[in-house]
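Grab a pencil and keep the viewer open. Here are some exercises to work through with the structure in front of you, each with a solution to check yourself against.

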Amino acid sequence: MMMLDPRATAVGVRFVAHEVLGSTNAEALNLARQGERGPLWIVAERQTAGRGRRGRAWVSQRGNLFASLLLTLAAPPEHRPQLSLVAALAVHDAVVEIAAGLKPRIAIKWPNDLLLERAKFAGILVEGEGGEDGAVAIGIGVNCASHPADTDYPAIDLAAAGVLVSPAMLMGPLSLKMIGRLAQWNSGEGFSTVRADWMARAAGIGEEIGVRLADRELSGLFEGLDEAGSLVLRLPDGHAENITAADVVMLG
């Protein structure tokens with residue numbers, strides 16, 4: 001049976017489970033429009049309209065985790081993109097707690113993916129509505145038992161890596177780790193420590209990467225994150241460009 005960690009419940013985090021939803025993020029934001037303030041986890045065994053960044057479909061088969069955390073944050077809107085980095089750390093923390101042997105094999109890919117042996121096993125989609133006190137849905141998908149084929153970026157699941165982790169096993173640790181990482185972030189006030197922790201777990205720092213923007217493609221050395229969480233790309237001409245939104249391809 002899926003449950004939150006009791007320590008998450010004790011501080012007021014709630015939980016609702018569905019067999020099927022179109023999208024856990026869409027459900028979270030719909031509840032927010034009806035007055036729900038959170039913190040509330042919405043989980044589905046299966047999604048019929050799961051989505052990733054830039055409107056991409058997210059394949060949503062049973063046996064994998066599909067969860068969204070609805071929050072109402074008193075945080076400046078410009079800090080909200082940092083939540084992808086915060087959530088990635090929480091997922092990393094939770095997976096490593098369950099399967100410590102995976103730690104050296106897992107890395108975080110900017111801005112919102114987690115990699116296992118350089119293949120994607122988890123993704124994050126943060127969506128928000130309203131101003132400074134608006135609702136935010138942090139959507140998390142983890143390939144526990146299966147992964148899609150024929151994807152633009154190589155994919156994998158935890159079972160294929162030899163780790164049998166059910167969504168129910170992952171949800172408890174994730175609910176607790178998310179509380180800790182959100183407290184560390186503190187609506188952006190503590191981002192410097194989040195940034196340091198993220199870079200310590202990052203894929204590709206110091207390596208050549210490709211960056212696909214909406215209107216062009218770049219390549220260069222991934223130097224890390226700037227103070228706002230943007231990717232710092234050192235171009236072949238020596239110029240550094242700060243990237244706020246893009247798809248990253250590991251070239252090394």
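The exercises below go through a helix, a sheet, some salt bridges and two single residues, all in a predicted model.

**Exercise 1. Find the buried residues of helix α2, work out how they are arranged around the helix, and say which strands they pack against.**

Solution.
- Step 1: Set the limits. Helix α2 covers residues 24-33.
- Step 2: Pick out the buried positions, using the cut-off of under 20% relative accessible area. In α2 these are T24, N25, A28, L29 and A32.
- Step 3: Look down the helix axis. The buried residues of α2 fall within an arc of 135°, so they line one face of the helix.
- Step 4: See what that face meets. The buried residues pack against β1 (14-21), β2 (40-47), β3 (65-72), β6 (119-129) and β7 (135-142).

**Exercise 2. Now check the two ends of α2: what does the side chain of S23 reach at the start, and which residue with a positive phi follows the helix?**

Solution.
- Step 1: At the start of α2, go to S23. One of its side-chain oxygens comes to within 3.3 Å of the backbone nitrogen of N25. N25 is also one of the buried residues from the previous exercise.
- Step 2: Move past the other end. G35 follows α2, and its phi is positive, near 110°.

**Exercise 3. Put together the open sheet that contains β8, β9 and β10, one strand pair at a time.**

Solution.
- Step 1: Start with β8 (residues 208-212) and β9 (residues 217-225). They run antiparallel and are joined by five bridges. For a register mark, take I209, whose bridge partner in β9 is G220. The hairpin that connects β8 to β9 goes through four residues.
- Step 2: Add β10 (residues 231-234). β9 pairs with β10 in the antiparallel sense over four bridges. Here G224 stands opposite V232 in β10. This is a hairpin too, with five residues between the strands, and G229 in the turn has a positive phi of about 105°.
- Step 3: Go back to β8 and look for its pairing with β12. Four bridges join β8 to β12, and the two run antiparallel. V211 stands opposite V248 in β12.
- Step 4: Write down the full order. The open sheet has five strands, β11-β10-β9-β8-β12, with antiparallel pairing.
- Step 5: Name the edges. These are β11 (240-243) and β12 (247-250), each pairing on one side only. Neighbouring strands of the sheet are turned by 45° against each other on average, direction ignored.

**Exercise 4. Find the salt bridge between R62 and E45, say which parts of the chain it ties together, and then look for the network around it.**

Solution.
- Step 1: Locate the contact. The side chains of R62 and E45 meet in a salt bridge with an N to O distance of 2.7 Å.
- Step 2: Place the partners. R62 lies in the loop between β2 and β3 and E45 in strand β2, so the bridge ties together parts 17 residues apart in sequence.
- Step 3: Check how open they are. R62 is partly exposed at 39% relative accessible area, and E45 is partly exposed at 44%.
- Step 4: Widen the view. E19, E45 and R62 are linked in a network of salt bridges. The model's salt bridge count comes to 14.

**Exercise 5. Do the same for the pair E117 and R105.**

Solution.
- Step 1: Their side chains form a salt bridge at 2.7 Å, N to O.
- Step 2: E117 sits in the loop between β5 (113-116) and β6, while R105 sits in the loop between α3 (82-98) and β4 (106-109), 12 residues apart.
- Step 3: E117 is partly exposed at 48% relative accessibility, and R105 is partly exposed with a relative accessible area of 30%.

**Exercise 6. Buried or exposed? Sort D5 and V11, then describe the surroundings of D5.**

Solution.
- Step 1: D5 is in the segment before α1 (6-10). At 12% relative accessibility, D5 counts as buried.
- Step 2: V11 is in the loop between α1 and β1. Its relative accessible area is 59%, so V11 is exposed.
- Step 3: A polar side-chain atom of D5 lies 2.8 Å from the backbone nitrogen of R7. Leaving aside neighbours within four places in sequence, D5 is in contact with G172, S175 and L176.

Definitions and conventions:
Residues are numbered from 1 along each chain as its sequence is written. This is a predicted model: local features need pLDDT of at least 70, side-chain atom pairs count only at pLDDT 80 or more; totals for chains, interfaces and linings use all residues. Side-chain values use heavy atoms; hydrogens and water are left out. Buried means under 20% relative accessible area, exposed over 50%, partly exposed in between (1.4 Å probe, protein chains only). The arc is that of the directions from the helix axis to the C-beta atoms. Contact means heavy atoms within 4.5 Å. A polar contact is a pair of N or O atoms within 3.5 Å; within protein, one must be able to donate a hydrogen and the other to accept it, and residues adjacent in sequence count only if both atoms are side-chain atoms. Two strands pair if DSSP finds at least two bridges between them. Axes are lines fitted to C-alpha atoms, for helices over the stretch in contact, and angles run from 0 to 180 degrees between N-to-C directions. A salt bridge is a side-chain nitrogen of Lys or Arg within 4 Å of a carboxyl oxygen of Asp or Glu.
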